[in-house]
Amino acid sequence: MQHEGGAGFYAGFYGHQMKGSSMNQWLILMGAIVAEVVATSALKASNGFSRLTPSVITVLGYAIAFYLLALTLRTIPVGIAYAIWSGVGTVLIALAAWMLYGQKLDFPAVIGMALIVAGVIVLNVFSKSSAH
């Protein structure tokens, strides 16, 4: 089975970077991040999986997140995709916790999140490891 860029399905599995990453892959990665943030927010609301609706949202959100993440790994190198996933996801979940649950963000937390965002920018703008 062939995918965009002409690389075989298992090429990424064996460590060969696939060519032809498109803007759609980055949008799919952002969708994966948003689904993960929704799932994590619902996890807090599930109260240890004791509330049905947030528990269902958690399970579905993580399933969607990992499915979308897996799709992006066809063209985006795993190290880059995961760095962006975890970095942006960390910042977004901290902001969601602040807005939804009143979690306090002190100055060091804000500085740390700014450094995470800076790292994601460096990966995307300056790194040759990123598939553009």
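This passage walks through a few local features of a predicted model. Local features need pLDDT of at least 70 and side-chain atom pairs pLDDT 80 or more, while totals for chains, interfaces and linings use all residues. Numbering runs from 1 along each chain as its sequence is written, and side-chain values use heavy atoms, with hydrogens and water left out.

The structure holds one aromatic pair (ring centres within 6.5 Å, taking the six-membered ring of Trp; planes under 30 degrees apart are stacked, over 60 edge-to-face, the rest tilted). Phe66 and Trp85 make up this tilted pair, at 5.6 Å centre to centre and 40° between the planes. Phe66 sits in helix 2 (residues 52-72) and Trp85 in helix 3, 19 residues apart, so the pair links distant parts of the chain; helices here are DSSP runs of H or I with at least four residues. Trp85 counts as buried because its relative accessibility is 7% (buried is under 20%, exposed over 50%, partly exposed in between, with a 1.4 Å probe and protein chains only).

Thr72 also belongs to helix 2 and, at 0% relative accessibility, counts as buried. Its side chain makes a 2.7 Å contact with the backbone oxygen of Leu69.

Out on the surface, Leu92, Leu95, Trp98, Met99, Leu100 and Tyr101 form a nonpolar patch with about 610 Å² of accessible area together. Leu100 lies in helix 3 (residues 78-101) and counts as exposed because its relative accessible area is 57%.

As for helix 4 (residues 107-125), its 19 residues should span 27 Å at 1.5 Å a residue (1.5 Å times one less than the number of residues), and the end C-alpha atoms are indeed 27 Å apart. At the start of helix 4, a side-chain oxygen of Asp106 comes within 3.0 Å of the backbone nitrogen of Ala109.

Definitions and conventions: Patch = residues over 30% accessible without salt bridge, like charges linked within 9 Å, V, L, I, M, F, W, Y side chains within 5 Å. Areas by Shrake-Rupley, 256 points an atom, 1.4 Å probe, with all protein chains shown as cover. Salt bridge = Lys/Arg side-chain N within 4 Å of Asp/Glu carboxyl O. Helix = DSSP H or I, 4+ residues; strand = E, 2+ residues; numbered from the N terminus. Polar contact = N/O pair within 3.5 Å; in protein donor to acceptor, adjacent residues only side chain to side chain.
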